[in-house]
Amino acid sequence: MAIAAVTLTLAPAPALADSPTNQRAAKAAPAPVDCEQLKCIALTFDDGPGKYAGTLLDTLKKYDAKVTFFLEGQYVKSRPAYVKRMVKEGHELGNHSYTHPNFTTIEPGAIRSEIQKTQDAVKKAAGVEPKLLRPPYGMADLQVSDIAAEYGMPIVLWTAGSRDWSSKNADAIKKQTLAVAQRDGIILMHDWVKQTVDVMPSLVKTLQSRGYTLVKVSDILKKENLAAGDVFPLPEGWEN
């Protein structure tokens, strides 16, 4: 199975380009990312927004790095200002459930409720709805895939993890992340782990010095021709 990232292409504005308003808009619009040409990597942060998200956003802004946040609705509700800032500063938001249950062990109605409540919370906080789903624990089956398809959302897992939730050690997090970093990699991290946020300035600088461009996960998924409900990367045993 393959996933289709849902991307939004803005048509160029017609000819009133000389007006100050259009000049400002053109200046503000970010250049499109082409991971066919760039050495891209996507850092993804689960379970947030955590209480250290503001510090993480400061770092990302300083180094002009973009990431994807897979948010839990319960924390979106309690920390909406971070969610609004994530969108304002050009990051991508994904749905990571409302209360983090294992989707493969609960009823379909409960899965839908978890997804919808988080969609609603993000919309209320930041005026947008996530286009990507990452089930808690990365646990998905055909039922989860079918429900994701109902919402028009691909399921995005990861190519490797930082193991930050386990080590909670800044040096170990950096070492592990650099060890698994690869072109078009999708790295699992958590913004509630203080040591992850603490090491991010050093980690981002090192990745950039090695030629990586830190991008949103949808930038990497553009070339995959993926469809809603599909899973990427495919877990073992899902291959056709």
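**Exercise 1. Find out which residues of helix α5 are buried, and whether they sit on one face or are scattered.**

Step 1. Start with the list: Ile111, Glu114, Ile115, Thr118, Gln119, Ala121, Val122, Ala125 and Ala126 are the buried residues of α5. Buried means under 20% relative accessible area, exposed means over 50%, and partly exposed is in between (1.4 Å probe, protein chains only). Helices (H or I, at least four residues) and strands (E, at least two) are DSSP runs, numbered from the N terminus.

Before going on, know what you're looking at: this is a predicted model, where local features need pLDDT of at least 70 and side-chain atom pairs count only at pLDDT 80 or more, while totals for chains, interfaces and linings use all residues. Residues are numbered from 1 along each chain as its sequence is written, and side-chain values use heavy atoms, with hydrogens and water left out.

Step 2. Now look down the axis of α5: the buried residues fall within an arc of 165°, so they line one face of the helix. (The arc is that of the directions from the helix axis to the C-beta atoms.) An α-helix has 3.6 residues a turn, so residues three or four places apart point the same way.

Step 3. Ask what that face touches. The buried residues of α5 pack against β2 (68-71), α3 (73-78), α4 (80-88), β3 (92-95) and α6 (142-150); contact means heavy atoms within 4.5 Å.

**Exercise 2. Compare the reach of α5 with its expected span, then see what follows the helix.**

Step 1. Helix α5 covers residues 108-126, which is 19 residues. The expected span is 1.5 Å times one less than the number of residues.

Step 2. From first C-alpha to last, α5 reaches 27 Å, close to the expected 27 Å.

Step 3. Right after α5 comes glycine 127, with a positive phi near 80°.

**Exercise 3. Work out how α2 and α9 are arranged, and what their contact is made of.**

Step 1. The axes of α2 (residues 53-62) and α9 (residues 194-209) come within 9 Å and cross at roughly 5°. Axes are lines fitted to C-alpha atoms, for helices over the stretch in contact, and angles run from 0 to 180 degrees between N-to-C directions.

Step 2. That crossing makes α2 roughly parallel to α9. The cut-offs: under 35 degrees is roughly parallel, over 145 roughly antiparallel, 65 to 115 roughly perpendicular, and the rest oblique.

Step 3. On the α2 side, Thr55, Leu56, Thr59 and Leu60 make the contact, and on the α9 side Val197, Met200 and Pro201 do. These divide into five nonpolar, two polar and no charged. Here Ala, Val, Leu, Ile, Met, Phe, Trp, Tyr, Cys and Pro count as nonpolar, Asp, Glu, Lys and Arg as charged, and the others, Gly among them, as polar.

**Exercise 4. Describe the surroundings of glycine 54.**

Step 1. Place it: glycine 54 is in helix α2, and with 9% relative accessibility it counts as buried.

Step 2. Beyond neighbours within four places in sequence, glycine 54 is in contact with Tyr82 and Arg85.

Step 3. Glycine 54 and valine 197 are 143 residues apart in sequence, yet their C-alphas are 9.6 Å apart in space.

**Exercise 5. Aspartate 64 and aspartate 184 both have a positive phi; which is buried and which exposed?**

Step 1. Aspartate 64, in the loop between α2 and β2, has a phi near 50°. Its 61% relative accessibility makes it exposed.

Step 2. Aspartate 184, in the loop between α8 (170-180) and β6 (185-190), has a phi near 65°. At 17% relative accessibility, aspartate 184 counts as buried.
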